[in-house]
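Please look at the charged side chains in the model below and consider how they pair with one another.

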Amino acid sequence: QVQLVESGGGVVQAGGSLRLSCTASGRAASIYRMGWFRQAPGQEREVVSGISWSGSSSSTTYADFVKGRFTISRDNAKNTVYLQMNSLKPEDTAVYYCAAKPSLVARYDFWGQGTQVTVSS
């Protein structure tokens, strides 16, 4: 089992920045890839970004709506993945979740509790 704990959410004005953190514990060595997702009220959960968990270089992906504004990174020594969010917009308001999966073809089986991000206009 892998346990994930997010932090770093809050309230920020449009144009501002936040950095989310997600720390893994338990069988963190079994993680293949980490992802950030978000869910706004009344909407379905959507993928925001993903990053490979091991290896000297990171394979990253971004949803089109965050490209150029958000940056995902990892610190394996701390078992932590980050999401730096810049130029935030009111439509970025959502609960942000991190998730982990054990292989390329697996689903994201492990989820954090979520952290609220609110962007005011």
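In this predicted model, which residue has a side chain that meets that of Glu-46 in a salt bridge? The partner is Arg-38, and the N to O distance between the two side chains is 2.8 Å. The two ends of this pair sit in unlike surroundings, for Glu-46 is partly exposed, with a relative accessible area of 26%, whereas Arg-38 is buried, with a relative accessible area of 6%.

A further salt bridge joins Asp-92 to Arg-69, whose closest N and O atoms are 2.7 Å apart. This pair links distant parts of the chain, 23 residues apart: Asp-92 lies in the loop between strand 8 (80–85) and strand 9 (94–101), while Arg-69 belongs to the loop between strand 6 (60–62) and strand 7 (70–75). Asp-92 has a relative accessibility of 0% and therefore counts as buried, and Arg-69, with a relative accessible area of 10%, is buried too.

Asp-109 and Arg-107 also form a salt bridge, with their closest N and O atoms 4.0 Å apart. Here Asp-109 counts as partly exposed because its relative accessibility is 43%, and Arg-107, at 68% relative accessibility, counts as exposed. Elsewhere, salt bridges that share partners bring Arg-38, Glu-46, Arg-69 and Asp-92 together into one network.

In general, side chains of opposite charge can pair when their charged atoms come close. Counted by the rule that a side-chain nitrogen of Lys or Arg must lie within 4 Å of a carboxyl oxygen of Asp or Glu, the model has five salt bridges, including the pairs described above.

Conventions: Residues are numbered from 1 along each chain as its sequence is written. This is a predicted model: local features need pLDDT of at least 70, side-chain atom pairs count only at pLDDT 80 or more; totals for chains, interfaces and linings use all residues. Side-chain values use heavy atoms; hydrogens and water are left out. Buried means under 20% relative accessible area, exposed over 50%, partly exposed in between (1.4 Å probe, protein chains only). Helices (H or I, at least four residues) and strands (E, at least two) are DSSP runs, numbered from the N terminus.
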